[in-house]
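Q: Please take a close look at one part of this model, and describe what lies around it. I would like the helix-level detail before the overall picture, in one connected account.

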Amino acid sequence: MRQKEEYVNICMENLYKELYKYSSILIYGTGHYANIVYELLKKVGLKNKIISFIVTSLNEVKAIEGISVKAVDELILYNAQEYVVLVSVSRLYEEEILQKLKDYADSHGMTITQLLHTGVNLLLQTPDAEV
């Protein structure tokens, strides 16, 4: 089990190092995965870098804990070189969203649901399983 935990920790550490390169973070999504990502970012001290949650189309949610929710077409308001978009949705929609990010603002998007799935799966495997 320790080997699996170390693997997950290394993956998460690499993710955080990558995120520190950007002055701002946007989280694509407002659902289950986005909430997990948001909580992880808060725990490692990156909440102050989160400037917005991004969705395909606006609904009744206007803000999450004081952080605004904006439609993807509003990305043109930001300098794409200064932020990263963490695509935090089901893997079924990742490619479509990455394409939208390129279409709207030539944004740098990073999918992390695979990492979340891998981490959870690794930690749930039996102690004898190999990484």
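A: **Helix 2 and its surroundings**

In this predicted model, H32 and K43 are exposed on the other side of helix 2 from its buried residues. Those buried residues are A34, V37, Y38 and L41. They lie on the same side of helix 2, because the arc they cover around the axis is only 100 degrees. The length of the helix fits its residue count: at 1.5 Å a residue, its 12 residues should span 16 Å, and the C-alpha atoms at its ends are 17 Å apart, which agrees. Just after helix 2, G45 has a positive phi of about 80 degrees.

The next matter is the core to which helix 2 contributes. The largest nonpolar core has 21 residues, among which L19, I25, I27, L41 and L86 touch the most other members. Two or more residues of this core come from each of helix 1 (2–19), strand 1 (24–28), helix 2 (32–43), strand 2 (50–55), strand 4 (67–71) and strand 5 (83–87). Helix 2 gives the largest share, 4 residues. In soluble globular proteins, nonpolar side chains tend to be buried together. A second core, separate from this one, has 13 residues, including L75, A80, V87 and I97.

V37, on the buried side of helix 2, also leads to a part of the chain remote in sequence. I112 and V37 are 75 residues apart in sequence, yet their C-alpha atoms are 8.4 Å apart in space. I112 belongs to the loop between strand 6 (109–111) and helix 4 (113–124). Its relative accessibility is 5%, and since buried means under 20%, I112 counts as buried. Leaving out residues up to four places away in sequence, I112 touches L15, V37, L86, V87 and S88.

L41, another buried residue of helix 2, is a contact of I25. With residues up to four places away in sequence not counted, I25 also touches L19, L46, K49, I50, I51, S52, V84 and L86. Opposite I25 in strand 2 stands I50, and F53 in strand 2 is the bridge partner of I27. Strand 1 and strand 2 run parallel and are joined by 4 bridges. Strand 2 is largely enclosed by the rest of the structure, because 5 of its 6 residues are buried.

These two strands belong to an open sheet of 6 strands in the order 3-4-2-1-5-6, with mixed pairing. Strand 3 (63–64) and strand 6 are its edge strands, each pairing on one side only.

For the chain as a whole, there are 4 helices and 6 strands. From the N terminus on, the elements run α-β-α-β-β-β-β-α-β-α. Of the 131 residues in the chain, 40% are buried. Among contacts between residues at least 6 apart in sequence, 66% join residues at least 24 apart. The exposed area of the chain is about 7,500 Å², of which carbon and sulfur atoms supply 51%.

To return to helix 2: A34, V37, Y38 and L41 are its buried residues, whereas H32 and K43 are exposed on the other side.

Conventions. Residues numbered from 1 in each chain as written. Predicted model: local features only at pLDDT ≥ 70, side-chain atom pairs only at ≥ 80, totals over all residues. Heavy atoms only, no water. Core = buried A, V, L, I, M, F, W, Y, C linked by side-chain atoms within 4.5 Å. Buried < 20%, exposed > 50% of the residue type's maximum accessible area, 1.4 Å probe, protein only. Contact = heavy atoms within 4.5 Å. Areas by Shrake-Rupley, 256 points an atom, 1.4 Å probe, with all protein chains shown as cover. Expected span 1.5 Å × (residues − 1). Arc of directions from axis to C-beta. Pairing = 2+ DSSP bridges.
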